[in-house]
Amino acid sequence: MANNKNILISGAGISGLTLAYWLQKRGFSPTITEKRPDLIDRGYMIDFYGSGFDVADKMGLVDALQARSDQYQITEVAFVDNHNQTRAKLDMIKFRNLLNHRYFPLMRGDLETGILEKVKGIAPILFDTTITSLKNQKDGVNVELSNGKSETYDLVIGADGIHSGVRKLTWGEENQFSHFLGFYVACSVIENFFDTPNVCLGHFEPNVQTTVYSIGENKLANFFAFRSEPLNIHGHEAHMQALTDRFEKLGWIYPQLLNETQKADHLFFDAVAQIQLDQWHKERVVLVGDACQCLTLLAGQGASMGMAGAYMLADELHKADGDYKTAFPSYQQKLKPEIERRQNDARGLAGSFVPRNKFEVGMTHFFLNAAFVPGFSTLFKNQIGAKSIIK
Ligand SMILES: Cc1cc2nc3c(=O)[nH]c(=O)nc-3n(C[C@H](O)[C@H](O)[C@H](O)COP(=O)(O)OP(=O)(O)OC[C@H]3O[C@@H](n4cnc5c(N)ncnc54)[C@H](O)[C@@H]3O)c2cc1C
């Protein structure tokens, strides 16, 4: 029977839900607090492969994720110029082959709700609830919750993302740990305004990148990325203005995209940053996922590595029979060097997502066209972090 069984996880995202699943499997009793009122947000399109795919396989999730991914039928992404002429193509069938068919394009919400199905009934989730104060004590962690309750848990785990509340309460302000990479992204689900139900387009211009995918039900998942100085802007109106300032004058289909984005139910807008902190644990509190290891959303593997981290943390706690003084350092020692390596690669790769000038736009098209040429394909596979760290 494990010690320190009673564990509070902050955040019912991809890392927090995965962690709850594995902790419960290993004999612990996790409870989750989640600040959102529910998990129905579909989010944005993600590529899912590598370590996270292996964890999902161990959870028996692959068939369910396959069914969700099959809805999207993404076979090719065409990167077009302002006149809709195709300049590069990414053949998604070849991409899937390169990853030995262990790859799904998914909406973030598909992955989250897929994992949620596995957690239902085994870990209570307190929705609309955050930790407002946290005291690391010798025998446990005293927490006060936004629902007015005070509780004591054996351990508290922050799986609450890049803007983690647990990290702030335990380590201090985010600006000490967050490293801005010079980009912003914005994503939304919008109405399909094309004449065809199957749209899969990408567009590069100096300092911007945009992709638009059909996701069924006559909806498109839209993704804007742009280079920028740090912006101190908040709220939907300011975010829309920042997008309009940069994209409206670029022609192509930007007027329609902006118009539909304006009408969307939800607009995700955030800076592209990495999280780096020396120690991921402090006494009875530890971090997992983007809260401590954010690679950047341009790395294409944050969800996957968050699942890997959650799996490894539960495993270390299990092996140490709940002794956090052994488990937390061991988890950090096994994962952090790999994260630092991937963060380094991601910093290099980030620039190619948003080329600086016409020459770099041309180079990006060239590399996309060459992605599956023998020699290049190995490089490509390494660059996207396809190698799994899960044994
Ligand atoms: C546009 C975009 C594209 C991406 N593409 C990819 C991709 O192709 N492949 C990939 O693998 N990854 C991708 N990512 C990254 C991936 O989405 C993240 O790395 C992943 O979601 C991290 O999971 P997490 O559970 O650690 O954090 P999050 O997903 O951020 O989840 C954190 C959870 O905690 C909750 N929360 C926050 N604060 C609190 C609080 N104070 N109290 C309680 N709950 C709280 C949040 O509501 C959320 O439910 C992309 C990200 C973006 C933004």
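In what sense do β12 and β16 pair, and over how many bridges? The two strands are antiparallel, with seven bridges between them. Here strands (E, at least two residues) and helices (H or I, at least four) are DSSP runs numbered from the N terminus, and two strands pair if DSSP finds at least two bridges between them.

Before you start clicking, please note that this is a predicted model, in which local features need pLDDT of at least 70, side-chain atom pairs count only at pLDDT 80 or more, and totals for chains, interfaces and linings use all residues. Residue numbers run from 1 along each chain as its sequence is written.

**Stop 1: the seven-stranded sheet**

Stay with β12 and β16, and select A186 and F269: A186 stands opposite F269, which belongs to β16. Now widen the selection to the whole open sheet, whose seven strands come in the order β5-β4-β13-β14-β15-β12-β16 with mixed pairing. At its edges are β5 and β16 (268–275), each pairing on one side only. From one strand to the next, the twist averages 20 degrees. Strands of a sheet pair through backbone hydrogen bonds, either parallel or antiparallel.

Next, show helix α11 (residues 324–353), which packs on this sheet and touches β12, β14 (208–214), β15 (219–227) and β16. A contact means C-beta atoms, placed from the backbone, within 7 Å. The direction of α11 makes about 55 degrees with that of β12; such angles run from 0 to 180 degrees between N-to-C directions, with axes fitted to C-alpha atoms, for helices over the stretch in contact.

**Stop 2: the β4–β5 hairpin**

Move along to strands β4 (residues 76–80) and β5 (residues 86–91), an antiparallel pair joined by five bridges. They form a hairpin with five residues between them, and N84 in the turn has a positive phi of about 65 degrees. Select F79 and you will find its bridge partner in β5, A88. Helix α12 (residues 358–370) lies across β4, β5 and β13 (200–205), running at about 35 degrees to β5.

**Stop 3: three loops**

Which loop holds P197? Look between β12 and β13. P197 is exposed, with 11 other C-beta atoms within 10 Å; the cut-offs are 12 or fewer for exposed, 20 or more for buried, and partly exposed in between, with C-beta atoms placed from the backbone. Leaving out residues up to four places away in sequence, P197 touches N192, S214 and N218. Draw a distance from its C-alpha atom to that of G216, 19 residues apart along the chain, and you should read 7.5 Å.

One of those contacts, N218, lies in the loop between β14 and β15. N218 has a positive phi of about 55 degrees although it is not a glycine, and with 11 C-beta neighbours inside 10 Å it counts as exposed. Then click on N207, in the loop between β13 and β14. This residue is not a glycine either, yet its phi is positive, at about 75 degrees. N207 counts as partly exposed, with 18 C-beta neighbours inside 10 Å.

**Stop 4: the nonpolar cores**

Which residues touch the most other members of the largest nonpolar core? Select L19, V156 and V288, out of 105 residues in that core. Helix α10 (residues 302–319) gives the most to this core, with 10 residues. A nonpolar core is a set of buried Ala, Val, Leu, Ile, Met, Phe, Trp, Tyr and Cys residues joined through C-beta atoms within 7 Å. Around V288, highlight S15, L19, I157, A159, G309, A310 and L313, the residues it touches when those up to four places away in sequence are not counted. Apart from the largest core lies another, of six residues, among them F79, A88, L368 and A371.

**Stop 5: around the ligand**

Show the 33 residues around the ligand, where G13, G161, G165, G289 and G302 come nearest; a residue belongs here if its C-beta atom, placed from the backbone, lies within 6 Å of the molecule. Elements giving two or more residues to this shell are α1 (14–25), β2 (29–34), β3 (45–49), β12 (178–191) and α10. The largest share, four residues, comes from α10.

**Stop 6: the three-stranded sheet**

Finish with an open antiparallel sheet of three strands in the order β8-β9-β10. Strand β9 (residues 141–145) and β10 pair over four bridges, and V143 stands opposite E151 in β10.

How values were computed:
Contact = placed C-beta atoms within 7 Å.
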